[in-house]
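Have the sequence and the 3D view open side by side for this one. We'll go through the strands, the packing between them and a few single residues.

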Amino acid sequence: MNLLEVKSISKTYGSGEMAVHALKNVSFSVPKGEFVAVIGESGSGKSTLLNILGALDAPTSGKVYIDGKDTFAMKEQSLTIFRRRNIGFIFQAFNLIPELTVEQNMIFPLLLDYRKPKKKDLEELLSVLNLTDRRNHLPSQLSGGQQQRVAIGRALITHPSLILADEPTGNLDTQNTSEVIALLKAASRRYEQTIIMITHNRSIAQSADRILQVSDGVLADMGRCRE
């Protein structure tokens with residue numbers, strides 16, 4: 001079963017001679033639980049694609065279906081709720097709230113949705129992310145790798161069906177990069193979550209199940225990676 005269906009997505013900024021065609025008739029599907037890497041040069045359109053998948057930007061034309069639901073057919077309030085409950089975001093900049101502890105940062109998306117965090121889920125995530133002994137620390141007291149693990153925990157806490165990661169290892173050293181990629185792979189297996197990760201690093205992309213390449217707004221499926 002496909003968790004994500006992208007059908008003939010195009011995105012154009014501006015008009016006439018000033019028009020920029022960021023995406024050109026992009027179509028692909030991703031089964032539930034697959035870990036997909038999207039590669040491409042700067043300005044190729046991969047970040048535009050991720051923003052559309054996450055319903056942070058609307059396509060000029062085309063459709064996006066997440067778990068069978070047409071995201072851009074929803075009214076704004078319904079889309080906001082759907083995005084909050086079904087899509088987790090991980091960015092290169094950790095975007096943690098500096099005044100909140102590790103635990104508070106992780107459960108923040110639940111509180112925004114007026115939901116009470118389940119202690120079992122929180123304890124499991126803290127353990128999986130190796131953050132149990134850092135739960136009461138502030139972001140300023142953490143290493144870059146630890147901060148990114150908190151950001152991953154924040155994305156996972158709502159049990160989203162789709163996780164979108166934009167250069168999640170861009171600010172990390174080699175060791176922390178390996179750990180973060182391993183955690184993302186583990187999440188896709190353990191929680192059956194579909195992950196779309198943007199990266200400019202081809203060796204990191206090889207860690208995914210499949211690679212998509214965006215070049216000048218055109219998407220090509222590079223096939224499955226070897227185990």
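β3 and β8 pair in the parallel sense, over 4 bridges. Strands here are DSSP runs of E with at least two residues, helices are runs of H or I with at least four, and both are numbered from the N terminus. Two strands pair if DSSP finds at least two bridges between them. This is a predicted model, where local features need pLDDT of at least 70 and side-chain atom pairs count only at pLDDT 80 or more, while totals for chains, interfaces and linings use all residues. Residues are numbered from 1 along each chain as its sequence is written, and side-chain values use heavy atoms, with hydrogens and water left out.

β8 also has β7 alongside, running parallel and joined by 5 bridges. Here are the three strand pairings, each with one residue match to look for.

| Strands | Direction | Bridges | A residue match |
|---|---|---|---|
| β3 and β8 | parallel | 4 bridges | valine 36 opposite isoleucine 196 |
| β7 and β8 | parallel | 5 bridges | isoleucine 163 with isoleucine 195 |
| β1 and β4 | antiparallel | 5 bridges | lysine 7 with lysine 63 |

To get from β7 to β8 the chain goes through α6, and this β-α-β crossover is right-handed (with the strands pointing away from the viewer, the path from the first strand over the helix to the second runs clockwise).

How many residues of β8 are buried? It's 5 of the 5, so the strand is largely enclosed by the rest of the structure. Buried means under 20% relative accessible area, exposed means over 50%, and partly exposed is in between, using a 1.4 Å probe and protein chains only. In a regular strand the side chains alternate between the two faces of the sheet. In β8, Thr194, Ile196 and Ile198 point one way, with Ile195 and Met197 pointing the other way.

Met197 is a good place to move on to the core. Along with Met106 and Leu184, it touches the most other members of the largest nonpolar core, which has 37 residues. A nonpolar core is a set of buried Ala, Val, Leu, Ile, Met, Phe, Trp, Tyr and Cys residues joined through side-chain atoms within 4.5 Å. Elements giving two or more residues to this core include β3, α3, α5, β7 and β8. There's a second, separate core of 26 residues, with Leu4, Ile9, Leu23 and Phe89 among them.

Now find isoleucine 152 in helix α5 (residues 144–156). With a relative accessibility of 2%, isoleucine 152 counts as buried. Leaving out residues up to four places away in sequence, isoleucine 152 touches Ile90, Leu129, Val180 and Leu184, where contact means heavy atoms within 4.5 Å. The buried residues of α3, including Asn105 and Met106, pack against α4 and α5.

Over to the antiparallel part: 4 strands make an open sheet in the order β2-β1-β4-β5. β2 and β5 stand at the edges with a single partner strand each, so one side of each has no neighbour in the sheet.

Last stop: the structure holds 1 aromatic pair. The rings of phenylalanine 89 and phenylalanine 91 have centres 5.9 Å apart and planes at 0°, so they're stacked. Rings of Phe, Tyr and Trp (its six-membered ring) pair if their centres lie within 6.5 Å; planes under 30 degrees apart count as stacked, over 60 as edge-to-face and the rest as tilted. Phenylalanine 91 is partly exposed, at 28% relative accessible area.
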